[in-house]
Amino acid sequence: MTPRSALNRTLLALAGLVFLGGGLLILFAGLDLYRRHDLAPPAGWPLTTPADVLLGSADRARWSSQGWWWWPAVIAALVLTALLALWWLLAQLSRHRPGSLPVGGTPPQEGVELRDRALSEAIANEAGALPGVGHAAVVITGRPARHRTRIDLTLTPEGTPGATLGALCEGPIGTARRSTGLTDMPTEVRLQVSRHGPHRVE
């Protein structure tokens, strides 16, 4: 899991908990569940009966008497929150894949570019043909100038991680570097062993 995805999941989890808590608070008050089931809410708990409001007349008068700066501060906080939410939404909609990679380094040589999916498939096909590899999946993420290659290999029970990594670096990764002319290809390799049933001895 990348730091960006971890941050996104954390923010989504926090937002979900806030909305869930607010929805349950309103539901309990609207259906008058505290009185129906003889539940005693904590002291100062908001919205305990259907007639309760979140901001009463006394609270509105108390906050309105704080001076002229109060309402501009509230509006500024709301605008800032909306801008941050919009920025986060646009960041999620942005492209997480480079789309195309320059061939021959940066800037691209004579405008020749290679699609990231084509390079991913080529690496996956060559890696899947290595001895001891049952399946290979390759994903290239990031920007063209700062891309990152992630290779997921499923080893057969006869495969060995050390030999497989050596063959991967000398074979598919080396071929990709030579064909694209990229001297820097940050690569993350994840290894797992395929499951196999127990052998029956007769």
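This report walks through a few features of a predicted model, from a leucine patch to a small sheet and some charged pairs.

## A greasy stripe of leucines

Let's start with the surface. Here L7, L11, L14, L17, L20, L24, L27 and L31 come together as a nonpolar patch. Added up, these eight residues' accessible area comes to about 740 Å².

Pick out L11 as an example from that group. You'll find L11 in helix α1, which covers residues 3-30. Is L11 buried, partly exposed or exposed? Its relative accessibility is 39%, so L11 goes down as partly exposed, since that label covers values between the 20% limit for buried and the 50% limit for exposed.

## One pair of rings

How many aromatic pairs turn up when the whole structure is searched? Just one. The partners are F28 and Y34, with ring centres 5.6 Å apart. Their planes make an angle of 50°, so this pair is called tilted. That follows because stacked rings have planes under 30 degrees apart and edge-to-face rings over 60.

The two partners don't get the same label for exposure: F28 is partly exposed at 28% relative accessibility, while Y34 is buried at 11%.

## A three-stranded sheet

Now head further along the chain to an open sheet. Its three strands line up in the order β3-β4-β5, and the pairing is mixed. Which strands stand at the edges? Those are β3 (133-143) and β5 (187-193). Each has a single partner strand, so one side of each has no neighbour in the sheet. On average, neighbouring strands here are turned by 15° against each other, if you ignore direction.

Take a look at how β3 meets β4, the strand made of residues 146-155. The two run antiparallel, and ten bridges join them. One spot to find on your screen is R143, which sits opposite R146 in β4.

## Charged partners

Side chains of opposite charge can pair up when their charged atoms get close to each other. In this model, a search of the whole structure turns up four salt bridges.

One of them links R35 and D32, whose closest N and O atoms are 2.5 Å apart. The two ends sit in quite different surroundings. R35 has 58% relative accessibility, so it counts as exposed. D32 has 10%, so it counts as buried.

## A little network on the sheet

Another salt bridge brings together the side chains of R148 and E188, at 4.0 Å from N to O. This pair ties distant parts of the chain together: R148 belongs to strand β4 and E188 to strand β5, and they are 40 residues apart. E188 also meets R190 in a salt bridge, this time at 3.1 Å from N to O. Through shared partners, the salt bridges join R148, E188 and R190 into one network.

How accessible are these three? R148 has a relative accessible area of 41%, E188 has 28% and R190 has 34%. R148 is therefore partly exposed, and the same label goes to E188 and R190, because values between 20% and 50% count that way.

Notes
Residues numbered from 1 in each chain as written. Predicted model: local features only at pLDDT ≥ 70, side-chain atom pairs only at ≥ 80, totals over all residues. Heavy atoms only, no water. Patch = residues over 30% accessible without salt bridge, like charges linked within 9 Å, V, L, I, M, F, W, Y side chains within 5 Å. Areas by Shrake-Rupley, 256 points an atom, 1.4 Å probe, with all protein chains shown as cover. Helix = DSSP H or I, 4+ residues; strand = E, 2+ residues; numbered from the N terminus. Buried < 20%, exposed > 50% of the residue type's maximum accessible area, 1.4 Å probe, protein only. Phe/Tyr/Trp six-rings, centres within 6.5 Å; stacked < 30°, edge-to-face > 60°. Pairing = 2+ DSSP bridges. Axes fitted to C-alpha atoms, helices over the stretch in contact; angles between N-to-C directions.
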